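Here are a few short exercises to work through with the coordinates open. Try each task before reading its solution.

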Amino acid sequence: MDSLALSRVEVADQPAPTIVDEVARLARRDLAPLALAIDAGSAYPDALLRGFGKIGAWGSHVPQEGPADLRCAIQSIAAIGEVCGATAFMAWCQNTLVWYAANSTNLQLARRFGDSFSSGRVLGGTGLSNPMKSFFGIEKLKLKGRKVEGGYVVKGALPWVSNLGPDHFFGTIFERDDDGGGIVMFLADCSDPAITLQPCKPFLAMDGTGTYGVQFRDLFVPDELILVEQAAPFVKKIRAGFILLQTGMALGLIKNCIEIMDEVEAPLGHVNRYLPQQPTQFRELHAEFEKEAMALASDPYNSDDSYWRRVVALRLRLGDASVAAAHAAMLHCGARGYLKSHRAQRRLREAYFVAIVTPATKQLRKMLAGDER
């Protein structure tokens with residue numbers, strides 16, 4: 001057998017690349033060169049987001065005849081998050097949009113949008129930050145709606161919704177002011193003239209995430225865009241998935257912070273060994289968190305209260321660990337990590353986002369205290 005034949009046999013023996021492998025490959029090749037521009041807000045990676053969709057990054061968690069499994073989706077977000085926290089956040093936005101459509105009781109909507117969302121042909125996100133806070137008594141619902149023939153009329157404004165553009169969709173909730181506080185979840189079509197996307201003031205990081213303030217001026221929402229008429233039980237069904245998908249952002253960021261610490265071990269290890277937090281500790285934490293995330297992600301419809309508390313507790317610990325790992329990476333790098341061109345300082349700014357994005361650290365602690373409306 002000649003060497004070429006041997007090579008073919010070796011290739012044939014290799015396992016086929018998984019979706020996560022392909023996502024990681026695309027992230028390293030095409031996302032890494034864009035990370036600084038996305039962080040600075042000079043680039044919104046819509047073409048790349050569609051590219052991730054083409055290789056299956058947004059479709060693996062679609063329920064198949066009942067059960068759903070979020071493990072591949074979380075691992076894919078983590079692979080993106082190792083390179084760019086902003087894009088991992090947009091990956092979460094897209095995956096939640098898919099999650100809403102896949103679980104909708106409006107079968108016509110699910111058929112119309114399911115494939116286009118999960119394939120990345122249509123991009124979008126979620127406007128549930130305000131509703132998620134309202135469920136725990138932190139804010140009042142900002143969107144109000146009333147029933148009219150063939151749908152609803154909605155008005156109000158949401159301060160920050162991400163992964164948006166003029167042809168994007170997102171899922172959100174309004175409170176009926178004609179039905180004693182009933183809540184309805186729907187898809188908002190950003191191309192509708194009654195919706196205005198307002199640019200936001202610059203953020204500390206992640207300005208390339210397509211984040212806008214959204215104004216609704218008597219928007220007519222046809223019945224075809226209603227995700228569910230009774231949003232409260234629907235949110236209870238999808239909330240664990242909503243939070244668990246965020247764990248991918250933290251897992252990817254923490255893993256990259258460990259890599260940053262390892263990279264400076266040779267030149268600075270002789271003095272870094274005096275720092276209180278070492279990469280070994282974060283490797284152990286990462287493995288523990290990943291194991292728990294994978295266990296919870298295989299059963300996202302579990303309605304037990306003990307399961308829900310494990311989801312919330314994991315999300316809280318990952319936010320804390322993200323900040324700790326990024327802080328440690330900065331200290332291990334020293335002055336070189338303080339350069340704007342070094343990713344250590346970007347990872348620290350991204351880590352704070354993991355800790356404050358809804359549900360933020362303070363809300364998670366409130367949830368664990370059992371203070372739910």
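pLDDT is the predictor's confidence in each residue, on a scale from 0 to 100. You need it here, as this is a predicted model.

**Exercise 1. Find out how far the model's confidence goes, and where it drops below 50.**

Start with the whole chain: the average pLDDT is 94, and 95% of the residues score at least 70. Next, look at residues 1-11, where the pLDDT is below 50. Leaving aside near neighbours in sequence, that stretch makes 2 contacts in the model. Now for the reading rule: where pLDDT is low, don't read the predicted coordinates in detail.

**Exercise 2. Check the length of helix α12 against the expected span.**

Helix α12 covers residues 279-297, which is 19 residues. The expected span is 1.5 Å times one less than the number of residues, and that comes to 27 Å. The end C-alpha atoms sit 26 Å apart, so the two values agree.

**Exercise 3. Work out which residues of α12 are buried, and how they are arranged around the axis.**

Step one is to list the buried residues, meaning those under 20% relative accessible area: P279, F282, H286, F289, A293, M294, L296 and A297. Step two is to look down the axis of α12: these buried residues fall within an arc of 155°, so they line one face of the helix. The spacing rule behind this is that an α-helix has 3.6 residues a turn, so residues three or four places apart point the same way. Step three is to turn to the face away from the buried side, where you'll find the exposed residues E284 and K291. Finally, ask what covers the buried residues: the cover includes α5 (71-81), α9 (231-244), α10 (247-263) and α13.

**Exercise 4. Describe the largest nonpolar core and its main contributor.**

The largest nonpolar core holds 123 residues. Helix α13 (residues 305-333) supplies the largest share of this core, 15 residues. For contacts inside the core, F186 and F216 have the most.

**Exercise 5. Track down some unusual backbone geometry and place it in the fold.**

First, the baseline: most residues other than glycine have a negative phi, and most peptide bonds are trans. Against that, N163 has a positive phi of about 60°. N163 lies in the loop between β3 (151-161) and β4 (169-176), and N163 is buried, at 0% relative accessible area. D218 has a positive phi too, of about 50°, but D218 is placed in strand β7 (residues 212-222). Last, check omega: the peptide bond from T358 to P359 is cis, with omega near 0°. P359 belongs to the loop between α14 (343-356) and α15 (361-368).

Notes: Residues are numbered from 1 along each chain as its sequence is written. This is a predicted model: local features need pLDDT of at least 70, side-chain atom pairs count only at pLDDT 80 or more; totals for chains, interfaces and linings use all residues. Side-chain values use heavy atoms; hydrogens and water are left out. A nonpolar core is a set of buried Ala, Val, Leu, Ile, Met, Phe, Trp, Tyr and Cys residues joined through side-chain atoms within 4.5 Å. Buried means under 20% relative accessible area, exposed over 50%, partly exposed in between (1.4 Å probe, protein chains only). Helices (H or I, at least four residues) and strands (E, at least two) are DSSP runs, numbered from the N terminus. The arc is that of the directions from the helix axis to the C-beta atoms. Contact means heavy atoms within 4.5 Å.
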